[in-house]
Amino acid sequence: MRCKSARWAAANSVVLAAAALLTACGGSGSGDADNAGGSPSKAAASTAPPSRPASKAPDGSSSGKAAGGSDSTPASSACRTSNLRIAAKNQGEARQGVGSILITFTNRGGDCRMAGFPGVDLTTNYGKQSVDRNKQEVGIPFTLRAGRTATADVVYPFNNTGGSGVHVTALVVIPPNETHSVTAPVDLSLPVSDKPTGRLEVTPVFKPVP
């Protein structure tokens, strides 16, 4: 009986040793695969394919599943300023005391990736004024197909004081993941006051509506 127990213990120790060796080999292979896996504008970009889980873009925005219609093979490069037609249109008073400017990004090149916030400055009769990001919004990566148009919105305090206010003549726009800007003409006024007059913010770039 003692011999049988000794043989069983010896055999069991061999099995455990083999299992430990396999586990060690498997762990090494998994680590190499993880390490093998590898966009400024003022905004962030991610090139994660649809099958990958959400990751954190450099600007802090979450990058999730690729969007933009029926994208099965998302573009790998960020949209360049030189391939975009950028325009701005004042929408007027969108709601009580708040105006809206629609910024459009039309892709004149091949398919490319967009995600995050554009950089926006206002050109006024008092000089340049930067537009903050809307921190309640999150930029979701998407593929901007050739010929399609993505959008972003600038909200501003609407001037209903009756005065001329601060005259805005243009927006200086930098697409997400870019450093080159485009000046888009626009015509509006902001109220002048020694008190806070409302938010001046830009949203992330949104994918085209199918």
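User: Before we count anything, what counts as a helix and what counts as a strand here?
Analyst: Both are runs assigned by DSSP and numbered from the N terminus, and the model in which they are found is a predicted one. A helix is a run of H or I with at least four residues, whereas a strand is a run of E with a minimum length of at least two.

User: How many helices and strands does the protein have?
Analyst: Read along the sequence, the pattern opens with α and then continues with β. Counting by that pattern, the protein has 1 helix and 13 strands.

User: In what order do the strands of the open sheet lie, and which of them are the edge strands?
Analyst: The open sheet has 5 strands with mixed pairing, and their order is 3-4-10-13-8. An edge strand pairs on one side only, which is the case for strand 3 (84-95) and strand 8 (132-133).

User: Inside that sheet, which residue of strand 10 is the bridge partner of Thr104?
Analyst: Strands of a sheet pair through backbone hydrogen bonds, either parallel or antiparallel. Strand 4 (residues 98-107) and strand 10 (residues 149-157) pair in the antiparallel sense, over 9 bridges. In strand 10, the partner of Thr104 is Thr151.

User: Which parts of the chain does the disulfide tie together, and how many residues apart are they in sequence?
Analyst: The structure holds 1 disulfide, and it joins Cys79 to Cys112 with an S to S distance of 1.9 Å. Cys79 lies in the loop between strand 2 (62-63) and strand 3, while Cys112 lies in strand 5 (residues 112-114), so the link ties together parts whose separation in sequence is 33 residues.

User: Are Cys79 and Cys112 buried or exposed?
Analyst: The word buried is reserved for residues under 20% relative accessible area, whereas exposed means over 50%. By that cut-off, Cys79 and Cys112 are both buried.

User: Which residues have the most contacts inside the largest nonpolar core?
Analyst: In soluble globular proteins, nonpolar side chains tend to be buried together. The largest nonpolar core here has 30 residues, and several strands each supply at least two of them, including strand 3, strand 4, strand 5 and strand 10. Those with the most contacts inside this core are Ile101, Ile103, Phe105, Met114, Leu144, Val154 and Leu171.

User: Leaving aside its neighbours within four places in sequence, which residues is Met114 in contact with?
Analyst: Met114 is one of the residues with the most contacts inside the largest nonpolar core. Beyond those sequence neighbours, Met114 is in contact with Cys79, Leu84, Phe105, Ile140, Pro141, Phe142, Leu144, Ala150, Pro176 and Val205.

User: Which residue forms a salt bridge with Glu178, and where do the two lie?
Analyst: Glu178 lies in the loop between strand 11 and strand 12, and its partner lies in the loop between strand 2 and strand 3, 98 residues apart. Glu178 is buried at 6% relative accessible area, whereas the partner counts as partly exposed at 35%. The closest N and O atoms are 3.6 Å apart, and the partner is Arg80.

User: How far apart are the closest N and O atoms in the salt bridge of Arg145 with Asp111?
Analyst: Arg145 is in the loop between strand 9 and strand 10, while Asp111 is in the loop between strand 4 and strand 5, 34 residues apart. Arg145 counts as partly exposed at 23% relative accessibility, and Asp111 is also partly exposed, at 34%. Their closest N and O atoms are 2.6 Å apart.

Conventions:
Residues are numbered from 1 along each chain as its sequence is written. This is a predicted model: local features need pLDDT of at least 70, side-chain atom pairs count only at pLDDT 80 or more; totals for chains, interfaces and linings use all residues. Side-chain values use heavy atoms; hydrogens and water are left out. Two strands pair if DSSP finds at least two bridges between them. A disulfide is a pair of cysteine sulfur atoms within 2.5 Å. Buried means under 20% relative accessible area, exposed over 50%, partly exposed in between (1.4 Å probe, protein chains only). A nonpolar core is a set of buried Ala, Val, Leu, Ile, Met, Phe, Trp, Tyr and Cys residues joined through side-chain atoms within 4.5 Å. Contact means heavy atoms within 4.5 Å. A salt bridge is a side-chain nitrogen of Lys or Arg within 4 Å of a carboxyl oxygen of Asp or Glu.
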